[in-house]
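This report describes one protein chain, beginning with a pocket and ending with three individual residues.

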Amino acid sequence: MFLVGSSSHTLHRLRILPLLLLLQTLERGLGRASPAGAPLEDVVIERYHIPRACPREVQMGDFVRYHYNGTFEDGKKFDSSYDRSTLVAIVVGVGRLITGMDRGLMGMCVNERRRLIVPPHLGYGSIGVAGLIPPDATLYFDVILLDVWNKADTVQSTILLRPPYCPRMVQNSDFVRYHYNGTLLDGTAFDNSYSRNHTYNTYVGQGYIIPGMDQGLQGACIGERRRITVPPHLAYGENGTGDKIPGSAVLIFNVHVIDFHNPADPVEIKTLSRPPENCNETSKIGDFIRYHYNCSLLDGTRLFSSHDYEAPQEITLGANKVIEGLDRGLQGMCVGERRQLIVPPHLAHGENGARGVPGSAVLLFEVELVSREDGLPTGYLFVWYQDPSTSLFEDMDLNKDGEVSPEEFSSFIKAQVNEGKGRLMPGQDPDKTISDMFQNQDRNQDGKITAEELKLKSDEDQERVHEEL
């Protein structure tokens, strides 16, 4: 709407511009700029709303977005951006606006409101605009600035809160989970993750997010809060996106980093305490262990605890009964030892998460090993401490009828355990284990074991090797 004048008029305006800008700057603190005694009237600037915070003022060559109402001295409106529901988006100070508007926008802050009085020679002069603006018309503009940036702008990251302990910072190829509030420069909200009750999860430095956010997340700590200001050429450019981010808009993200990891991360193990006495044996794959644990997210959100059940958790290490990262972190522990484990999602519940566990979440465990028992070799339910008797069947056949009943079998195995001659698989109901052993020996499933059916597993394995050979 604000067309420039002829080339001769433009040159004349450019020659007097430095002096006029200086006078305008000196008088800005009074809320009004008018160079008294100047040979020609300058733009009169009335700053009737000045925001408390003004991190940046409009300068020549900046790209601005603003709304305005244009009226004559009698209050009659001749133009308004509000009527078109479209902001003015343009570079200032390069002759694309009438000179009065170019000057009137200089030094303006986002959310500032000004009234500009533009004399004819800085507007449309003695010619005017046919059918719209008469010759020699003084123009009145009420302007609110909503955005300002420059093509030379880079991403700005401001740390709002950094935790005192920051062992690691975000870098390229890390996978980050964060919450954010997104606003335009004037404070208009366009999106936030909190409303979805779900973090935004993404790889950094891989092109999955806008370049400005890729850059702005670099160097962040877990738990850090930062403000990331992204110019449009590092966001959604001239076209914007959706119905909430207009073209050429500066975006502000207030970000809270919940956690991050790298796909190459192992389990991070930190020993919190060890028992004072010597520890000759530590937990290993195959061992049956009992342990207490507390599990939380890295932001402190509590998930699970064995203390809620008043009994330790029981597992056989290496039996795929718990997530891989926890299984690894419980190995090599002494009874009574306490550890902190940080388990990345690829060794926990992955991208999909689990009940109560968000997808791609890093888990924090505090574990204490309560007890440890040597496990049994794979496939064994019972092992002898010494070579078994050569008259094993006769020893089992308590009533000497040539058959071993379930009761006789159970009594015999329990006697071996009580006398310290052998042991059952730990962590299971002894009666259930003995019943499974009986079923394995009762090969024709007739409810009894004969001498021909009774075989040690070691003998069976040896026979199988011979058959394969």
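## Pocket, fold and selected residues

Three strands, β13 (251–261), β14 (268–273) and β18 (338–343), each contribute at least two residues to the lining of the largest pocket. With four residues, β13 provides the largest share of that lining. The model is a predicted one, and the volume of the largest pocket comes to about 600 Å³. Its lining has 23 residues, and Tyr165, Pro167, Ile222, Leu298 and Ile342 are the closest to the centre. By residue class, the lining holds 14 nonpolar, four polar and five charged residues.

The protein chain as a whole contains nine helices and 21 strands. Of its 469 residues, 44% are buried. Among contacts with a separation of 6 or more, 68% join residues that are 24 or more positions apart. The accessible surface of the chain is about 25000 Å², and carbon and sulfur atoms account for 50% of this area.

Strand β18, one of the strands that line the largest pocket, also contains arginine 339. Is this arginine buried or exposed? Arginine 339 counts as buried because its relative accessible area is 7%, and the cut-off for buried is under 20%. Its side chain forms a polar contact with the side chain of glutamate 337, at 2.9 Å. Leaving aside residues up to four places away in sequence, arginine 339 touches Ile269, Lys270, Thr271 and Leu272, among others. Further residues that arginine 339 touches include Gly329, Leu330, Gln331, Gly332 and Met333. Phe365, Glu366 and Val367 are also among the residues touched by arginine 339.

Two other residues stand out by their backbone angles. Serine 173 has a positive phi although it is not a glycine, and asparagine 197 likewise has a positive phi without being a glycine. The table sets out their values.

| Residue | Phi | Loop | Relative accessibility |
|---|---|---|---|
| Serine 173 | about 80° | between β8 (156–161) and β9 (175–184) | 27% |
| Asparagine 197 | about 55° | between β10 (189–192) and β11 (200–203) | 71% |

Where do these two residues lie in the chain? Serine 173 is placed in the loop between β8 and β9, and asparagine 197 in the loop between β10 and β11. Serine 173 counts as partly exposed because its relative accessibility is 27%, a value that falls between the limits of 20% and 50%. Asparagine 197 has a relative accessible area of 71% and is therefore exposed, the cut-off being over 50%.

Terms used
Residues are numbered from 1 along each chain as its sequence is written. This is a predicted model: local features need pLDDT of at least 70, side-chain atom pairs count only at pLDDT 80 or more; totals for chains, interfaces and linings use all residues. Side-chain values use heavy atoms; hydrogens and water are left out. Buried means under 20% relative accessible area, exposed over 50%, partly exposed in between (1.4 Å probe, protein chains only). Contact means heavy atoms within 4.5 Å. Accessible areas come from the Shrake-Rupley method with a 1.4 Å probe; for residues, only the protein chains shown count as cover. On a 1 Å grid over the protein atoms alone, a cavity is a set of points where a 1.4 Å probe fits but cannot get out, and a pocket is an open set with protein on both sides within 12 Å along at least five of seven lines; lining residues have an atom within 4 Å of a point. Grid points are joined across faces, edges and corners, and a volume is the space filled by probe spheres set on the points. Ala, Val, Leu, Ile, Met, Phe, Trp, Tyr, Cys and Pro count as nonpolar, Asp, Glu, Lys and Arg as charged, and the others, Gly among them, as polar. A polar contact is a pair of N or O atoms within 3.5 Å; within protein, one must be able to donate a hydrogen and the other to accept it, and residues adjacent in sequence count only if both atoms are side-chain atoms.
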